[in-house]
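Got your viewer open and a selection box ready? Here's a walk through the model, one pick at a time.

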Amino acid sequence: MSPVVYAVIAIPFAFALVLVALPGYRLTSVLNVVASLATFFAGLVLLTVAGGVSDYFIVDDVNIVFIVLNTLVGFTAALFSASYMGHEIETGRVSLASVRFYHAMYQVMMGSMNVALIANNIGLLWVGLELATLITVVMVGLYRTPEAIEAAWKYFILGSVGISLAFFGTILTYLAGQGALGEGVNAMSWSLLHAHAGELDVSLLNLAFIFLLVGYGTKVGLAPMHAWLPDAHSEGPTPISAVLSGLLLNVALYALLRFKMLMSANPAAMHAGPILIVMGLVSLIFAAFMLYQRRDIKRLFAYSSIEHMGLVTFAFGLGGPLANFAGLLHMTMHSLTKSAIFYAVGHVAQAKGTQRIADIKGLSVSHPGLAVGLALGVLAIAGLPPFGVFMSEFLILTTTFARHPWLALLPAFGLLVALGALLLRLQSMLFGEPNEPAHAVKASSIPFALHLVLVLIAGLFLPAALVAWFQRAAEFLG
Amino acid sequence: MSHVYEVSHFLAGLMLVCSFALLYQDRLLAVLRIFAAQAIILSLAVSWEAWTQGRPHLFITAALALVLKGIVIPIILQRFILQLGIHRDIEKVVGVVLTMLIGLGLAAMSQMLIIGATTGAPAQAREGLAIALAIILIGLLMMITRRNAFTQIIGFMSIENGLILAATGARGMPLVVEISVAFSVLIALFVFAVFVFRIRERFDTVDVEALERVRGDQP
């Protein structure tokens, strides 16, 4: 495997080392953006090199999708973070001391997510995901308000429960492979496990998958293990909310998918698909109803993330090239749109000085630019045409309809319920008498615009190369 | 070589007893000592595995468990407890009988699950894994039933003890994972220390219930 592959890991960790040593916010924020951009290019380079497998790392069609998406959103979130956190320091919400290691942690977080994505060793996959989680726990607690500490605590407790169960599942997977692959590192290599899936110990594999499902499912935010997610999203800094929603949930889902592939490659193992379908639907419909009771704008969109991750899980549970394609597309669209919404929400919260939906009124009068942006983002995530989310949701529903007509009613129902809630909340924020206080917002709108343009282009026309690439990945997902 | 199994099962069983003791113990310092004892037994169990499996690098894991979790962390936490002046506090543990019964149920369930699923594996791995799962599940139960930040930390670290026991019992599992577990404990301690400090700073208590009053989504 060509050494250029390791750049997506090496760049973030190298920059993290540099950033730890540097004081001052301005310089480190610029370096953070540079590092993230370099990582993004390193991710793009993966598209040109042929895939490969080594003992510890793997590059194939599936994880390239995740890595490119991860590094792209990582870059725009870094760009957004530079201006956003600058504003937070100016207004005194965070002290310079508490953001001292913010950028170094940001790079470690990106690096460890990439480790998880590129890992071929299931132990390494777990380490990457665990490290990324622990870093985000610290970042969620960054503001040190009672709410932030409670959110971080809850995230930590539930996250570590998930971590432990996933690790136990990893051990069981190793034991399941030991008979076929012998003791040692081979029985932890995903590609070898996949190649010898038929020879794995079935009862151990089934048991392992249950633990992995609950463990990594907690990270994906699947109901009923989702309790940490809304708190962590609403109390942390907004760039971290964007990264959590847009990336970390995906990485956890990716881990789950790898194990689902092992399960489906073994005909004697239990069918993972129906379990994922049920969990996905429960999350989708539950979150759609919860949207109506939300009073905090970031919690609103956190529940919307649960809803969409539920839909993606549902699509992957359905399986088959078409549903997997739709699932991958929807995951990509959701990442782009949701992080764009969090960028807009960050600006709205700064403009109005609050996250309470009831206190945000008349945006269309006081901040027309922001209002248009937020409206476009919400319309996109609600699944209205011409945006890409509409396209992917449509694909998921039609695929489901073609295979199990009655089953398609459930996700369609959930999506409509969510659409109602989102439009209701959007309307109350955009219109009405603008309330005080209203600050001017000076922040970069590039990350937001970039994401939304991408989502719009995807909704209007998908380039053939992209379709072919996603199809290969979907084919491989099985 | 039946004594090989017997010793490792004996040590794992002792760890399980510690887990049950953790479940009902209501004095903080006693909880801390039981945890330290569990970690020391863990290091013995890991050393035994290292010896009988002929994998000397497992001694590193054993040493880490002994020094970090058996000695250093308990001393730090004890100092912390004494500084905060909460060593006389008695945490009310609700429904001891019920909790113990659930704990017993979990232990029985893990036996049935693992023994049922591992018919092909060697006997030593099966029993060890079943006991390790029981320790993990009881640790989870402890984290759920306790309201005190300290005891939740201890619960989490006893889960890690169970994980290490399971990882070393799985023959030939590569070192990378063992290092990662040790690593994770370190980071966990760091994160926990930060939080306990901050919770204290904010609320003058380490009772998690104080946290539950503040929640972002109230009207």
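Keep in mind throughout that this is a predicted model. Start by selecting Thr337(A), Lys338(A), Ala340(A), Ile341(A), Ala344(A), His347(A), Val348(A) and Ala351(A) in H13(A); across from them, in H15(A), sit their contact partners Leu370(A), Gly373(A), Leu374(A), Gly377(A), Val378(A), Ala380(A) and Ile381(A). Color that set by class and you get 10 nonpolar, 4 polar and 1 charged residue.

Now show the two helices in full: H13 covers residues 320-352 of chain A and H15 covers residues 368-381. Their axes come within 9 Å and cross at roughly 145°. If you're checking the hand of that crossing, it is left-handed.

**Over to Gly246(A)**

Keep Lys338(A) and Val378(A) on screen and add Gly246(A), which belongs to helix H10 (residues 238-265) of chain A. Is this glycine buried or exposed? It has 28 C-beta neighbours inside 10 Å, so Gly246(A) counts as buried. Setting aside residues up to four places away in sequence, Gly246(A) touches Val73(A), Ser335(A), Lys338(A) and Ser339(A). For a distance label, try Gly246(A) to Val378(A): the pair is 132 residues apart in sequence, with 15 Å from C-alpha to C-alpha.

**Two cis prolines**

Stay close to the end of H15 and pick Pro386(A), in the loop between H15 and helix H16 (388-403) of chain A. The peptide bond leading into it from Pro385(A) is cis, with omega near 10°.

There's another one to look at. Pro224(A) sits in the loop between helix H8 (202-220) and helix H9 (228-235) of chain A. Ala223(A) and Pro224(A) are joined by a cis peptide bond, and omega is about 0° there.

**The N-terminal helices of chain A**

Next, select H1 (residues 7-21) and H2 (residues 25-48) of chain A. How do they cross, and how far apart are the axes? The axes come within 8 Å and cross at roughly 170°, so H1(A) and H2(A) are roughly antiparallel to each other.

To see the contact itself, show side chains on both helices. On the H1(A) side you want Ala7(A), Val8(A), Ile11(A), Pro12(A), Phe15(A), Val18(A) and Leu19(A), which meet Thr28(A), Leu31(A), Asn32(A), Ala35(A), Ala38(A), Thr39(A), Ala42(A) and Gly43(A) in H2(A). By class, this contact has 11 nonpolar, 4 polar and no charged residues.

Keep H2(A) and bring in helix H3 (residues 61-90) of chain A. This pair packs at an angle of about 170°, with the axes 8 Å apart. That makes H2(A) roughly antiparallel to H3(A). The crossing is left-handed, and the residues in contact divide into 17 nonpolar, 8 polar and no charged.

**A covered helix**

Select residues 102-118 of chain A, which make up helix H4. Run a quick length check: at 1.5 Å a residue, its 17 residues should span 24 Å, and the end C-alpha atoms are 24 Å apart, which agrees. Then color by burial: H4(A) is mostly covered, with 17 of its 17 residues buried.

For contrast in your picks, jump to Ile275(A) in helix H11 (residues 272-290) of chain A. With 18 C-beta neighbours inside 10 Å, Ile275(A) counts as partly exposed. Draw a line from there to Asn63(A): the two are 212 residues apart along the chain, and their C-alpha atoms are separated by 23 Å.

**Last stop: chain B**

Hide chain A and show chain B as a cartoon. What do you find for secondary structure in chain B? The tally is 8 helices and 0 strands, so to speak an α-α-α-α-α-α-α-α run from the N terminus on. Chain B has 219 residues, of which 46% count as buried. On a contact map, take contacts between residues at least 6 apart in sequence: 71% of them join residues at least 24 apart.

Finish on Gly162(B), in helix H6 (residues 149-169) of chain B. It has 28 C-beta neighbours inside 10 Å, so Gly162(B) counts as buried. Leaving aside neighbours within four places in sequence, Gly162(B) is in contact with Ala132(B), Ile135(B), Ile136(B) and Gly139(B). One more distance to label is Gly162(B) to Pro174(B): they are 12 residues apart along the chain, and their C-alpha atoms are separated by 17 Å.

Definitions and conventions. Residues are numbered from 1 along each chain as its sequence is written. Chains are lettered from A and ligands numbered from 1 in the order in which they are written. This is a predicted model: local features need pLDDT of at least 70, side-chain atom pairs count only at pLDDT 80 or more; totals for chains, interfaces and linings use all residues. Axes are lines fitted to C-alpha atoms, for helices over the stretch in contact, and angles run from 0 to 180 degrees between N-to-C directions. Helices (H or I, at least four residues) and strands (E, at least two) are DSSP runs, numbered from the N terminus. Angles under 35 degrees count as roughly parallel, over 145 as roughly antiparallel, 65 to 115 as roughly perpendicular and the rest as oblique. Two residues are in contact if their C-beta atoms, placed from the backbone, lie within 7 Å. Ala, Val, Leu, Ile, Met, Phe, Trp, Tyr, Cys and Pro count as nonpolar, Asp, Glu, Lys and Arg as charged, and the others, Gly among them, as polar. A crossing is left-handed if the near helix is turned anticlockwise from the far one by less than a right angle, and right-handed if clockwise. A residue is buried if 20 or more other C-beta atoms lie within 10 Å of its own, exposed if 12 or fewer, and partly exposed in between; C-beta atoms are placed from the backbone. The expected span of a helix is 1.5 Å times one less than its number of residues.
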